[in-house]
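Me: Could you go through this model with me? I'd like to talk about the fold and then about a few side chains.

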Amino acid sequence: MLQTPGHFKSHPRAFTLIELLVVISIIALLVAILLPALSSARGAARSIVCLSSQRQISLAMYFYADDANDYLVPSRSNSTWNTIPPYPYDTSDREDRHLWPALLIHLDYLGGSLDRGSTTWNVFACGEAPNERGDGTLSNPGWHTYFTSYGYNANQIGASFDILPASDPARSYTPAKRLEIVDPNYKLLLVDAILTTAGIADPRGLGYNRVAQSNASGVLGRPDARHSGALNVVWIDGHASSVRALDPDNYASFYTADMFGNGGVGSLGQPNVWNRYDPGLKPK
């Protein structure tokens, strides 16, 4: 007897090759659209963590000043400064123990350990700095605090290179007092920094613990616009902000370009951003 059409067993229809290719193309398109957004979100999150770390370090600096007759932490110590409270302590057991990050840690203003990778050390390590993401290695692991991701305004604030005469040895370690700094709400305290030698950025992406006011040669820390073309900055009064660089791939332009919108004079080469005493123009 013949079967009626309703008696035939139905089978699910398979995808054709063209349909599979269309589905794969749609998935690839969605991935291409979403990945940059996810990468941007991760970068923004790292920038927020970086700014928070700088803010935490600045608070430790202010706690230090509370105990040191209003002096901010020196960018580096020596035997003379080591006699002034909240000192003394021994700086002879490792090469970098006299630098400001080590002083804050050892004197318990941040607490913890100087060891690279420790919770305390990570406060000094920006997630956007190439070396801190594991893309490079230190040539001398004992010098951790030389290569922090954040640079201190050393010449004018952490020391007195630009204040005292060259013949005065105290110029290299005498910091500013907070109350003597004019217009602290737009004078630079900390900034994202990268090590440069003779004007060339370190190929390993190492940071540096001090930043310089001018675009000079030599081994110095320079501002580093590592956050999608922006720099994170903490100002002397304690507030933190992000400053966008007009030419982020050319750090020398930071000293000439009007990043702060001050009519052509809002650059990191202007004394209004760095100087201890001189009033200046307020960055936006």
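Reply: What follows is a short conversation about this structure, which is a predicted model.

Me: Good, then start with the overview: how many helices and strands are there in the protein?

Reply: The secondary structure comes to five helices and seven strands. Read from the N terminus on, the elements run α-α-α-β-α-β-β-β-β-β-β-α.

Me: And how much of the protein counts as buried?

Reply: Of its 284 residues, 46% count as buried, while the protein exposes about 14100 Å², with carbon and sulfur atoms supplying 60% of that area. As for contacts between residues at least 6 apart in sequence, 60% of them join residues at least 24 apart.

Me: Let's turn to E2. Which strands does E2 pair with?

Reply: Strand E1 (residues 150-153) pairs with E2 in the antiparallel sense over three bridges, and three bridges also join E2 to E6, again running antiparallel. Strand E3 (residues 200-201) is joined to E2 by two bridges, and these two strands run antiparallel as well.

Me: Which residues stand opposite Leu190?

Reply: Leu190 in E2 has Tyr152 opposite, and Val234 in E6 also stands opposite Leu190.

Me: What about the E3 side, and what does the turn look like there?

Reply: Thr196 has Ala201 in E3 as its bridge partner. E2 and E3 form a hairpin with two residues between them, and Ala198 in the turn has a positive phi of about 55 degrees.

Me: Is E2 mostly covered or mostly open?

Reply: E2 is mostly covered, in that nine of its 10 residues are buried. One of the residues in strand E2 is Asp192, which is buried and whose side chain meets that of Arg226 in a salt bridge, at 3.0 Å from N to O. This pair links distant parts of the chain, since Arg226 lies in the loop between strand E5 (219-223) and strand E6 (230-235), 34 residues apart from Asp192.

Me: Does anything else pair with Arg226, and which residue would that be?

Reply: Arg226 also forms a salt bridge with Asp224, where the closest N and O atoms are 3.1 Å apart. Arg226 counts as buried because its relative accessible area is 10%, under the 20% cut-off, and Asp224, at 15% relative accessibility, counts as buried too.

Me: How many salt bridges does that make for the count?

Reply: The count comes to six salt bridges. Another of them is between the side chains of Asp66 and Arg178, with 2.8 Å from N to O. That pair links distant parts of the chain, with Asp66 in helix H1 (residues 17-67) and Arg178 in the loop between helix H4 (154-158) and strand E2 (188-197), 112 residues apart.

Me: Is Arg178 buried or exposed, then?

Reply: Arg178 falls in between and is partly exposed, with a relative accessible area of 24%. Salt bridges that share partners also join Asp66, Asp70 and Arg178 into one network.

Me: Switching to cysteines: how many disulfides are there?

Reply: The count comes to zero disulfides.

Me: Why is there no bond between Cys50 and Cys126?

Reply: The sulfur of Cys50 is 3.8 Å from the closest cysteine sulfur, which is in Cys126, and a disulfide needs the two sulfur atoms within 2.5 Å, so the pair is too far apart for a bond. Both side chains belong to buried residues, as Cys50 has 2% relative accessibility and Cys126 has 1%.

Me: Back to H1 for a moment. What does Ser47 touch?

Reply: Ser47, which has its place in helix H1, touches His227 and Asn232, not counting residues up to four places away in sequence. Ser47 is buried, with a relative accessible area of 15%.

Me: Last topic: which residues form the nonpolar patch on the surface?

Reply: The patch is formed by Ile18, Val22, Ile26, Leu29, Leu30 and Ile33, which together have about 590 Å² of accessible area. Ile26, for one, lies in helix H1 and counts as partly exposed at 47% relative accessibility.

How values were computed: Residues numbered from 1 in each chain as written. Predicted model: local features only at pLDDT ≥ 70, side-chain atom pairs only at ≥ 80, totals over all residues. Heavy atoms only, no water. Salt bridge = Lys/Arg side-chain N within 4 Å of Asp/Glu carboxyl O. Helix = DSSP H or I, 4+ residues; strand = E, 2+ residues; numbered from the N terminus. Buried < 20%, exposed > 50% of the residue type's maximum accessible area, 1.4 Å probe, protein only. Patch = residues over 30% accessible without salt bridge, like charges linked within 9 Å, V, L, I, M, F, W, Y side chains within 5 Å. Areas by Shrake-Rupley, 256 points an atom, 1.4 Å probe, with all protein chains shown as cover. Contact = heavy atoms within 4.5 Å. Pairing = 2+ DSSP bridges.
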